[in-house]
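Biologist: I have a few questions about the labels put on this model, and I would like to see the reasoning behind each one. Shall we go through them together?

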Amino acid sequence: MVPAAALWSAEARGFRAGAARGDITPELGTMIVGGFAPIQARHIHDPLFVRTLVLDDGRQKIAFAICDNLGLPREVCDEARRLTAERTGIPASHVLVAGTHTHSAGSARPSGPSAERPGGALIASTELNAYQRMIARRVADTVQVAINRLAPARMGWGAAQLPGQVFNRRWLVQSEALRRNPFGGLDKVRMNPPVASPELLQPAGPTDPEIVFLSVQSTTGRPIALLANYALHYVGGVPAADISADYYGAFAGRIEEQLSAEKQDPPFVGIMSNGTSGDINNIDFRAKRTPRAPYEAMRVVANEVATEIVGALKQVRHRDDLTLDVRARELTLGARRPTAEMLARAREVLAQPAGATAWHPNEKIYAERVLQMADAPNELTIPLQTFRIGDLGIAAVPCEPFAEIGLELKATSPFAKAFTIEIANGYFGYLPTPAQHQLGGYETWIGTNRLEVDASVKIVAALREMWAEMVPPP
Ligand SMILES: [Zn+2]
């Protein structure tokens, strides 16, 4: 544990905060990217935003820009951070740009034939398309607006438990038929098995039921912003052609209402960031699913998360003598490569006539991906980032880590409290542990999964080193 006194500064030059949001709703007709088959947007249920918080300890500023998007590729995040640095002077290393992981958003992936598939987009396009440029500009705009709104502030963090809305979606199941993979083999686990099935044995991993939040207020106690983190994938229940920010957007509205912060100038900004939810969703696999109206399930989640936070907020001690610290690092990892057997089978599968009996319904999609990956680079370099705000630690990872990775980081952090923001500063696919790779399942499949099997071990080690560097001397 860190000596508490060192985390705050007696000669603090005054803690300030500002928040803003900017619209990133794409035009109708844009492709919605969250499923296997992209579909054109025909309706906007609720607009998409980038929600931004800037903190300033008098020595340096940091910015969190959380975008209603499935996952922003590195080139978009890099451009957003570069533009922000150019316009505001906040170094790119001090700017976090993350997706919320709503599946009902416009694609921020490169334009092109392979670009719209989850886990696809292996060919990096050199020039950003119009929507990618719009997101990057809006990130920089909202950071600028938040800076314009900087005012003396105090901040505290809190935590609450909400176990009832998170479920591990990877299950050990009896039936072999449920465990077929698109490579002609059998896995040990099944992602999203049929609900309430007698085939279900047990979940293959834990959940993280904790909501961690940071609450930012004016010196008179007026709410400025609240940034929360919960390890839950998108909730869905969105009609196929609708654009929606999912529970992340619903939460922003709900927390604003619950804090009675609706009519403020400058406006309050509620922000939900995505925790380590690579294997977590909102489906109670043991129970029979109750039919829900569109958008109902996400409203329930948003309301429960907001209610838990408002309850926990009473215990939070806000203070104005916080200091900030940041680390950023590039980590080079091996890329998954298909074996000779996989390549041979992929060619076989693609040579099958249409309508031939398939071992797995998506085997042709994966066969194409396997062939594409034969030419992919051997290594991938990913951006890692960590923050310290007083005695709170934050890690940012450009992947969808499994919940157990977030739990390990929380348990071993040198800070009083810590959490991880996923799909931050880029998107490099799911991040299972090596043990979860052994179990197989959708998230580990080559073509969905891009990083070497040991990637999580190397990423956790690097983040812990970066956190350790930020522990101030006693
Ligand atoms: Zn997803």
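Modeller: Gladly, and keep in mind that the model is predicted. Let me start with D46, which is buried yet has no salt bridge.

Biologist: How do you know that D46 has no salt bridge?

Modeller: The nearest side chain of opposite charge is R51, and it is 6.7 Å away. A salt bridge needs the nitrogen and the carboxyl oxygen within 4 Å, so R51 does not qualify as a partner of D46.

Biologist: Which side chains does D46 make polar contacts with, then?

Modeller: H45 is one of them, at 2.6 Å, and S244 is another, at 2.7 Å. The cut-off for a polar contact is 3.5 Å, so both distances fall within it. As for its place, D46 is in the loop between β4 (43-44) and β5 (49-56).

Biologist: What makes K61 and D56 a salt bridge?

Modeller: Their N to O distance is 3.8 Å, and the limit is 4 Å, so the pair counts. K61 has a relative accessible area of 27%, which lies between 20% and 50%, so K61 is called partly exposed. D56 is at 5%, under the 20% limit, and therefore buried.

Biologist: Which salt bridges link distant parts of the chain?

Modeller: One of them joins R74 and E330, with the closest N and O atoms 2.8 Å apart. R74 is in helix α1 (residues 74-88) and E330 in strand β18 (residues 324-334), 256 residues apart. Another joins R169 and E443, also with an N to O distance of 2.8 Å. R169 belongs to the loop between β9 (167-168) and β10, and E443 to the loop between α8 (434-439) and α9 (455-469), which puts them 274 residues apart.

Biologist: Why is R74 called buried while E330 is called partly exposed?

Modeller: R74 has a relative accessible area of 18%, and since buried means under 20%, R74 is buried. E330 has 45%, which is over that limit but not over 50%, so E330 is partly exposed. In the other pair, both R169 and E443 are buried.

Biologist: How many salt bridges does the count come to, and which residues are linked in a network?

Modeller: The count comes to 23 salt bridges. D325, R327, R329, E465 and E469 are linked in a network of them.

Biologist: What makes H101, H103 and H233 donors of the zinc ion?

Modeller: The NE2 atom of each lies 2.1 to 2.3 Å from the zinc ion. Donors must be within 2.8 Å, so these three atoms meet the rule. In sequence the donor residues are spaced H-x1-H-x129-H. H101 has 2% relative accessibility and H103 has 16%, so with a limit of 20% both count as buried.

Biologist: Why is the pair of F183 and Y366 called edge-to-face?

Modeller: The ring centres are 5.9 Å apart, and the cut-off is 6.5 Å, so the rings pair. The angle between the planes is 85°, and anything over 60 degrees is edge-to-face, so that is the label. F183 lies in the loop between β10 (170-173) and β11 (189-191) and Y366 in helix α6 (residues 363-373), so the pair ties together parts that are 183 residues apart in sequence. Y366 has 0% relative accessibility and so counts as buried. Both rings belong to an aromatic cluster with Y430, Y442 and W445.

Biologist: How do you know that R180 lies over the face of W359?

Modeller: R180 is 3.8 Å from the ring centre of W359, and the distance limit is 6 Å, so that part of the test is met. The charged end of R109 also sits over a ring, that of Y427, at 5.8 Å from its centre.

Biologist: What is noted about the backbone at D246 and I423?

Modeller: Each has a positive phi although neither is a glycine: about 60° for D246 and about 40° for I423. D246 is found in helix α3, whereas I423 is in the loop between β22 (417-421) and β23 (430-431). Each has 1% relative accessibility, which is under 20%, so both are buried.

Note on methods. Residues are numbered from 1 along each chain as its sequence is written. This is a predicted model: local features need pLDDT of at least 70, side-chain atom pairs count only at pLDDT 80 or more; totals for chains, interfaces and linings use all residues. Side-chain values use heavy atoms; hydrogens and water are left out. Donors are N, O and S atoms within 2.8 Å of the metal (3.2 Å for Na, K and Ca); water is not among the atoms, so sites may look incomplete. Buried means under 20% relative accessible area, exposed over 50%, partly exposed in between (1.4 Å probe, protein chains only). Rings of Phe, Tyr and Trp (its six-membered ring) pair if their centres lie within 6.5 Å; planes under 30 degrees apart count as stacked, over 60 as edge-to-face and the rest as tilted. Helices (H or I, at least four residues) and strands (E, at least two) are DSSP runs, numbered from the N terminus. A charge sits over a ring if NZ of Lys or CZ of Arg is within 6 Å of the ring centre and within 35 degrees of the ring normal. Lys and Arg count as positive and Asp and Glu as negative; His and the chain ends are not counted. A polar contact is a pair of N or O atoms within 3.5 Å; within protein, one must be able to donate a hydrogen and the other to accept it, and residues adjacent in sequence count only if both atoms are side-chain atoms.
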